[in-house]
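Visitor: Please bring up the model. I have some questions about how it is put together.

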Amino acid sequence: MYIYRCGVITISDSGAAGERQDRSGEVIREILKNAGLSVAAYEIIPDEFEIIKDRLVYCADELKIELVLTTGGTGFSPRDVTPEATKAVIEREAPGVCEAIRQHSMSITNRAMLSRAVCGIRGASVILNLPGSPKAVAESLEYVLDSIIHGMDILTKNASDCARK
């Protein structure tokens, strides 16, 4: 039985400095665990373009993690560079995922239109930017996770032996 390996990267200056608890990363890890997925990597890093790029590449290329989820850094702040760093490392975009998240989130709050999150593929890894708030992370990830797993089944050709809830 194949269980997908996931990485969770929280992107927050204050979190990386130890000034704020990472509640969004905790929410993601709990959702993944409940879905039967393995969290193989977790870290908190600052909103720095090169650091974000390096960690995404490391998770995809070195650790061979099938699903890399980021939280934070997708808004309008000048320090929010997660989408740009993600675009710099993905090989193919998967725009429908974030379009679906924004559409779903718009039914909850019109602030969802401010998300600049992206999703894409690097090698055999799916990289998805999620919002920074715990509530929005839960709403977003729970909405798309089953479809993401299906996409990973196709990407990794393990559809017949993947563990899914």
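Guide: Start with the cysteines. In this predicted model, the sulfur of Cys-98 lies 5.5 Å from the closest cysteine sulfur, that of Cys-119, which is too far for a bond. Cys-98 is also buried, at a relative accessible area of 4%.

Visitor: Which cysteine holds the sulfur closest to that of Cys-59?

Guide: Cys-59 is buried, with a relative accessible area of 2%. The gap to its closest cysteine sulfur is 11 Å, too far for a bond. That sulfur belongs to Cys-6.

Visitor: How many disulfides does a search of the whole structure find?

Guide: A disulfide needs two cysteine sulfurs within 2.5 Å. Cys-98 and Cys-119 are 5.5 Å apart at sulfur, so they form no bond. The count for the whole structure is 0.

Visitor: Which strands stand at the edges of the sheet?

Guide: The sheet is open, has 6 strands and mixed pairing, and follows the order E2-E1-E3-E6-E5-E4. An edge strand here has a single partner, so one side is left without a neighbour in the sheet. The edges are E2 and E4.

Visitor: Which residue in E2 is the bridge partner of Ile-9?

Guide: E1 and E2 run parallel, joined by 7 bridges. The partner of Ile-9 is Glu-43.

Visitor: What angle does the direction of H6 make with that of E6?

Guide: H6 packs on the sheet and touches E3, E4, E5 and E6. Its buried residues include Val-137, Leu-141 and Ile-148. The angle with E6 is about 170°.

Visitor: Where does H6 bend?

Guide: H6 spans residues 134-156. The bend is about 45°. It falls at Leu-145.

Note on methods: Residues numbered from 1 in each chain as written. Predicted model: local features only at pLDDT ≥ 70, side-chain atom pairs only at ≥ 80, totals over all residues. Heavy atoms only, no water. Bend = angle between axes of the 7 residues up to and from the residue. Helix = DSSP H or I, 4+ residues; strand = E, 2+ residues; numbered from the N terminus. Buried < 20%, exposed > 50% of the residue type's maximum accessible area, 1.4 Å probe, protein only. Pairing = 2+ DSSP bridges. Contact = heavy atoms within 4.5 Å. Axes fitted to C-alpha atoms, helices over the stretch in contact; angles between N-to-C directions.
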